[in-house]
Amino acid sequence: MARNVFGGTAADSAENESGGRLPNLKGRVYLTEEDPTEVKDLLDMAGNELKDGLLTDERGMIPMFQGPYGIEQLWVDFNAGRVMLTPNDVGKRLQSHLVQDDPHGSKQYTNDRLGNYVTLPGTNTIPLETGRRWLEIVGQDTTPNGDTLVQRQAGDGRFNFALRQNGSVIHVSHSANNIPLEIQAGDNPHKYALVINDGKRGNADSAFKVDFAGNIDSHGGATVGGDITVGGTVTASNIGTARVFSGTVDPASQGVALKPGDIWVQYGS
């Protein structure tokens, strides 16, 4: 905060009660009309302390001087009662204020606030604090825990979609018109793409499904170009529960409990 400049104008003169000017007279300076404490923090225009106080010149005029920091009015008394002085640089300060880019700091404040919400010129990222929700579409009750970025919540408090900051996606609510998760490949999926619902088949029941336990369910056929290794039982409508063993040794002698329908194909010796 700067010091304001007082005095130096045609209106700034020291006069007695009869209107006569008072040259070379010391005046007392106060902050208010009633304040008993005299102000000593006064400087000349060169920045030097007014050690002898505020003196009128040989014409009885009050010379220019600098008041205390941030003070917009002073009261002076040249033994004829206190009168108020106002800064003589108000017009200059107003003009400077009008041409400044951000005189109140409001632009910088707005930029600081919006830095966490929208991108600024020259940047491609939005800084997001941990735990802060940047965008959410909610219903009423509670929201999912974690760093949720985008959320859709049902009116009964159950959320059915959430995109989290760690990259995970949750979509749990479903109905006849609300599919829990769908990846639509279209008519020409890439040859390396994982196809969940191939548009070529045009049948919702032909979807390829993988659950959380790793089970795979497909209403279509499966074509494999390599080997298949199965750790459990293979069940199919055309083979029932029969098992096929092959080798030189009877599987029963190896502790295998044979069941009706099992087959042992012996070869070698």
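Me: Why is aspartate 41 called partly exposed?

Reply: In this predicted model, aspartate 41 has a relative accessible area of 34%. Buried means under 20% and exposed means over 50%, with partly exposed in between. The value of 34% falls between those cut-offs, so aspartate 41 counts as partly exposed.

Me: What makes the link between arginine 3 and aspartate 41 a salt bridge?

Reply: The closest N and O atoms of arginine 3 and aspartate 41 are 2.9 Å apart. A salt bridge asks for a side-chain nitrogen of Lys or Arg within 4 Å of a carboxyl oxygen of Asp or Glu, so this pair qualifies. Arginine 3 lies in strand β1 (residues 3-6) and aspartate 41 in the loop between β2 and β3, so their salt bridge ties together parts that are 38 residues apart in sequence.

Me: Is arginine 3 buried or exposed, and how do you know?

Reply: Arginine 3 has a relative accessible area of 15%. Because buried means under 20%, arginine 3 is buried. Its partner aspartate 41, at 34%, is partly exposed.

Me: How many salt bridges does the structure hold?

Reply: There are seven. One of them joins glutamate 72 to arginine 93, with the closest N and O atoms 3.0 Å apart. Glutamate 72 sits in the loop between β4 (65-69) and β5 (74-77), while arginine 93 belongs to helix α1 (residues 90-99), so this pair connects parts that are 21 residues apart in sequence.

Me: What makes Glu72, Asp89 and Arg93 a network?

Reply: Arginine 93 takes part in two of the links described here: a salt bridge with glutamate 72 at 3.0 Å, and a salt bridge with aspartate 89 at 3.4 Å, N to O. Both distances are within the 4 Å cut-off, so Glu72, Asp89 and Arg93 are linked in a network of salt bridges.

Me: Which members of that network are partly exposed, and which is buried?

Reply: Glutamate 72 has a relative accessible area of 43% and arginine 93 has 31%. Partly exposed lies between 20% and 50%, so glutamate 72 and arginine 93 both take that label. Aspartate 89 comes to 13%, and because buried means under 20%, aspartate 89 counts as buried.

Me: Where is aspartate 89, and what is it in contact with?

Reply: Aspartate 89 is found in the loop between β6 and α1. Leaving aside neighbours within four places in sequence, aspartate 89 is in contact with Asn4 and Val5.

Me: Why is aspartate 77 called buried?

Reply: Aspartate 77 has 10% relative accessibility. The cut-off for buried is under 20%, so aspartate 77 counts as buried. This residue lies in strand β5. Its contacts, leaving aside neighbours within four places in sequence, are Gly27, Arg28, Tyr30 and Arg82. Aspartate 77 and arginine 28 are 49 residues apart along the chain, yet their C-alpha atoms are separated by 5.2 Å.

Me: What makes β3 and β6 edge strands?

Reply: Let's begin with the sheet. It is an open sheet of four strands in the order β3-β2-β5-β6, with antiparallel pairing. β3 (54-55) and β6 (82-85) each pair on one side only, and they are the edge strands.

Me: How do you know that β2 and β3 pair?

Reply: Two bridges join strand β2 (residues 26-30) to β3. Pairing needs at least two bridges, so β2 and β3 meet the requirement. The two strands run antiparallel, and lysine 26 stands opposite leucine 55 in β3.

Me: Why can valine 224 belong to a surface patch?

Reply: Valine 224 has a relative accessible area of 47%, which makes it partly exposed. A patch takes residues with over 30% relative accessible area, so valine 224 passes that cut-off. Val224, Ile228, Val230 and Val234 form a nonpolar patch with about 370 Å² of accessible area together. Valine 224 is in the loop between β13 (216-218) and β14 (244-247).

Me: What is the mean pLDDT of the protein, and where is the pLDDT below 50?

Reply: The mean pLDDT is 75, and 60% of the residues reach 70 or more. Over residues 198-206 the pLDDT is below 50, and this stretch has 14 contacts in the model beyond near neighbours in sequence. Where pLDDT is low, the predicted coordinates should not be read in detail.

Conventions. Residues numbered from 1 in each chain as written. Predicted model: local features only at pLDDT ≥ 70, side-chain atom pairs only at ≥ 80, totals over all residues. Heavy atoms only, no water. Patch = residues over 30% accessible without salt bridge, like charges linked within 9 Å, V, L, I, M, F, W, Y side chains within 5 Å. Areas by Shrake-Rupley, 256 points an atom, 1.4 Å probe, with all protein chains shown as cover. Buried < 20%, exposed > 50% of the residue type's maximum accessible area, 1.4 Å probe, protein only. Contact = heavy atoms within 4.5 Å. pLDDT = per-residue confidence, 0-100.
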